[in-house]
Every structure is written in C-alpha cells, then in structure tokens.
Amino acid sequence: DVCSSDLTTEETWDLISHGEVRKGMTTDECRLSLGYPIRVHKVTGGYETWYYQRKSLDFTYKKLERIN
C-alpha cells in the first residue's frame, strides 16, 4: 500500500528535470536530479550527507533536510 506522500509529484518532477532539489525530497529524487554524489557520509540514526562539487545535502531517514 503506497501512501500518496511517497509518490513523486509533478512539481518534484519539474525540479528534477531542471537539476534542482528542495527540502523533503527523497534520496532517489535527489539522485535523479543531481546524479550520484562524489562522496556519501553515513552515521547511525538514519543520517547521511551527500557531497557534490558545489553543495552538500543532509538527509534524515532518506528525506532531504538541509542543502549546504
């Protein structure tokens, strides 16, 4: 059973098509938008940071929390 909040919205697909991300996007959506990160740092508790050339993304339980 899939919850509607788990589905990628049309607005999110528009962001992905322009190579953009926003808070609340999933790790899969961010990977589709920006490609694979240069490096991933995972820590216990469901936290991970993805590093790109000019930015880093902080995730909590596979949801984007902060763009640095």
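Helices and strands are taken here as DSSP runs, with at least four residues for a helix and at least two for a strand, numbered from the N terminus. By that reckoning, the chain in this predicted model holds two helices and four strands. Read from the N terminus, the elements follow one another as α-α-β-β-β-β. Of the 68 residues in the chain, 31% are buried. The accessible surface amounts to about 5,000 Å², and carbon and sulfur atoms contribute 50% of that area. Among contacts with a separation of 6 or more, 23% join residues that lie 24 or more positions apart.

A good place to begin is the helical part of the chain. Helix α1 covers residues 10-17 and helix α2 covers residues 27-34; their axes come within 7 Å of each other and cross at roughly 35°. On the α1 side, the residues that meet α2 are Thr12, Trp13, Leu15 and Ile16, and their counterparts in α2 are Glu29, Leu32 and Ser33. Sorted by class, this contact is made up of four nonpolar, two polar and one charged residues.

Burial in α1 follows a clear pattern. Thr12, Leu15 and Ile16 are the buried residues of this helix. Viewed down the axis of α1, these buried residues fall within an arc of 100°, so they line one face of the helix. A general point about helices is helpful here: an α-helix has 3.6 residues a turn, so residues three or four places apart point the same way. The buried residues of α1 pack against α2, whereas Glu10, Glu11 and Ser17, on the other side of α1, are exposed. Just after the helix comes Gly19, with a positive phi of about 70°.

The strands can be taken next. Strands in a sheet pair through backbone hydrogen bonds, in either a parallel or an antiparallel manner. In this model, four strands build an open sheet in the order β1-β2-β3-β4, and their pairing is antiparallel. At the edges are β1 (39-43) and β4, each of which pairs on one side only. From one strand to the next, the twist averages 25°. Helix α2 packs on this sheet, where it touches β2 (47-51), β3 and β4, and its direction makes about 165° with that of β3.

A closer look at β3 and β4 brings out the details of their pairing. Strand β3 (residues 56-60) and strand β4 (residues 63-67) are joined in the antiparallel sense over four bridges. Thr60 has Lys63 in β4 as its bridge partner, and Asp58 stands opposite Arg66 in β4. The two strands form a hairpin with two residues between them, and in the turn Tyr61 has a positive phi of about 50°.

Glu65, which lies in strand β4, offers a view of the surroundings of a single residue. Its relative accessibility is 39%; because residues between the cut-offs of 20% and 50% are classed as partly exposed, Glu65 counts as partly exposed. Beyond its neighbours within four places in sequence, Glu65 is in contact with Lys23, Asp58, Phe59 and Thr60. Asp58 thus appears twice in this account, as a contact of Glu65 and as the residue opposite Arg66. Between Glu65 and Thr49, the C-alpha to C-alpha distance is 9.9 Å, with a separation of 16 residues in sequence.

Key: Residues numbered from 1 in each chain as written. Predicted model: local features only at pLDDT ≥ 70, side-chain atom pairs only at ≥ 80, totals over all residues. Heavy atoms only, no water. Pairing = 2+ DSSP bridges. Axes fitted to C-alpha atoms, helices over the stretch in contact; angles between N-to-C directions. Contact = heavy atoms within 4.5 Å. Nonpolar A, V, L, I, M, F, W, Y, C, P; charged D, E, K, R; others polar. Buried < 20%, exposed > 50% of the residue type's maximum accessible area, 1.4 Å probe, protein only. Areas by Shrake-Rupley, 256 points an atom, 1.4 Å probe, with all protein chains shown as cover. Arc of directions from axis to C-beta.
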